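Hi everyone, thanks for making time for this. I'd like to walk you through one structure that may be new to you. Let's put it up on the screen.

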Amino acid sequence: MEDLLAGIAQSGFSVAVAAYLLIRMESRLEGLSQAIQELKLAIVEEGRRG
């Protein structure tokens, strides 16, 4: 029984850390996606001018 509880505690910590990292990375990924879209628009506009 103690082994089972220790296993749950061990994997629970891993899941919590993974969830925390995913939440933090989500905002950065959204920012990168927006920057890529803006860069795409800037390239298209520059192509129309030139």
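Let me start with one residue, Arg 48: at 64% relative accessibility, this side chain counts as exposed, because the cut-off for that word is over 50%. Please keep in mind throughout that we are looking at a predicted model.

So what does Arg 48 meet in a salt bridge? The partner is Glu 45, with 3.3 Å from N to O. Glu 45 has a relative accessibility of 37%, so Glu 45 counts as partly exposed. The two residues sit three apart, about one turn of the helix, and both belong to helix H1, which covers residues 2–49. How many salt bridges does a search of the whole structure find? Just one.

Now let's step back to the whole chain. Its secondary structure is simple to describe: one helix and zero strands. Along the principal axes, the C-alpha trace spans about 70 × 10 × 5 Å. The radius of gyration is 22 Å, while a compact globule of 50 residues would come out near 10 Å.

Here is a way to get a feel for that with your own eyes. Find Ser 11 and Gly 31, which are 20 residues apart along the chain; their C-alpha atoms are separated by 31 Å. Ser 11 has its place in helix H1. Is Ser 11 buried or exposed? In between, in fact: its relative accessible area is 38%, so Ser 11 is called partly exposed.

And what share of the 50 residues in the protein chain is buried? The answer is 0%. The accessible surface of the chain comes to about 4800 Å², and carbon and sulfur atoms account for 66% of that.

One piece of that surface deserves a look. Met 1, Leu 4, Leu 5 and Ile 8 form a nonpolar patch there, and together they have about 480 Å² of accessible area. Ile 8, one of the four, lies in helix H1.

Last topic: charge. The chain carries 5 positive and 7 negative side chains. The centres of those two sets lie 14 Å apart.

To recap, we have a chain with one helix and zero strands, a salt bridge between Arg 48 and Glu 45, and a nonpolar surface patch that includes Met 1 and Ile 8. Thanks for listening, everyone!

Technical notes. Residues numbered from 1 in each chain as written. Predicted model: local features only at pLDDT ≥ 70, side-chain atom pairs only at ≥ 80, totals over all residues. Heavy atoms only, no water. Rg over C-alpha atoms; globule rule 2.2 N^0.38 Å. Buried < 20%, exposed > 50% of the residue type's maximum accessible area, 1.4 Å probe, protein only. Areas by Shrake-Rupley, 256 points an atom, 1.4 Å probe, with all protein chains shown as cover. Lys, Arg positive; Asp, Glu negative; His and termini not counted. Charge placed at Lys NZ, Arg CZ, Asp CG, Glu CD. Salt bridge = Lys/Arg side-chain N within 4 Å of Asp/Glu carboxyl O. Patch = residues over 30% accessible without salt bridge, like charges linked within 9 Å, V, L, I, M, F, W, Y side chains within 5 Å.
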